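Here's a quick briefing to read with the model open. Take a look at the chain before going through the points below.

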Amino acid sequence: RSLGLEKVPRPPFHTTFAIFVGGVIRWIGDQVAERRRLNDPQKARVENTGILVASGLIAGEALVGLLI
C-alpha cells in the first residue's frame, strides 16, 4: 500500500549539494576556531567568514542551476 510519498517533490542532489558543502565548510571553520581557542572577536570573524563562504556557495549554485 502506498503512502503517496512518491508524489512529493524532492530537490535533485546536484542542486542541493552546495548547501551541504557550505555547511561542512562552516562546521570545519567552527572546529578550527574552537581548537585554536580564539577570543570572542576572533571567533566572530571566523563565524562571519564562514557564513559568507557558505552563502556564496549557495548563491553560486543557484545561479549555475538556472543556467544549466
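Is D30 buried, partly exposed or exposed? D30 is partly exposed, because its relative accessible area is 31%, and buried would take a value under 20% while exposed would take one over 50%. Keep in mind that this is a predicted model.

**The chain as a whole**
- The secondary structure comes to two helices and zero strands.
- Helix α1 covers residues 13-35, and helix α2 covers residues 40-67.
- The chain has 68 residues, and 10% of them count as buried.
- About 5900 Å² of the chain is exposed, with carbon and sulfur atoms supplying 64% of that area.

**The salt bridges**
- As a bit of background, side chains of opposite charge can pair when their charged atoms come close.
- The count here is two salt bridges.
- One of them pairs the side chains of R26 and D30, at 3.5 Å from N to O.
- R26 and D30 both sit in helix α1, four residues apart, or about one turn of the helix.
- The other bridge brings together the side chains of E47 and R26, at 3.9 Å from N to O.
- That pair ties together distant parts of the chain, with E47 in helix α2 and R26 in helix α1, 21 residues apart.
- Because they share partners, the salt bridges join R26, D30 and E47 into one network.
- As for exposure, R26 counts as partly exposed at 26% relative accessibility, and E47 is partly exposed too, at 36%.

**Where the helices face each other in space**
- D30 has a second point of interest: its C-alpha lies 8.2 Å from that of G50, although the two are 20 residues apart in sequence.
- A62, in helix α2, has its C-alpha 9.9 Å from the C-alpha of I19, with their positions 43 residues apart along the chain.
- A62 is partly exposed, with a relative accessible area of 39%.

**The nonpolar patch**
- F17, F20, V24, W27, I28 and V32 make up a nonpolar patch on the surface.
- Together these residues have about 560 Å² of accessible area.
- F17, one of the patch residues, belongs to helix α1.
- With a relative accessible area of 38%, F17 counts as partly exposed, so F17 clears the over 30% cut-off for joining a patch.

Note on methods:
Residues are numbered from 1 along each chain as its sequence is written. This is a predicted model: local features need pLDDT of at least 70, side-chain atom pairs count only at pLDDT 80 or more; totals for chains, interfaces and linings use all residues. Side-chain values use heavy atoms; hydrogens and water are left out. Buried means under 20% relative accessible area, exposed over 50%, partly exposed in between (1.4 Å probe, protein chains only). Patches are made of residues with over 30% relative accessible area and no salt bridge: like charges are joined within 9 Å, nonpolar side chains (Val, Leu, Ile, Met, Phe, Trp, Tyr) within 5 Å. Accessible areas come from the Shrake-Rupley method with a 1.4 Å probe; for residues, only the protein chains shown count as cover. A salt bridge is a side-chain nitrogen of Lys or Arg within 4 Å of a carboxyl oxygen of Asp or Glu.
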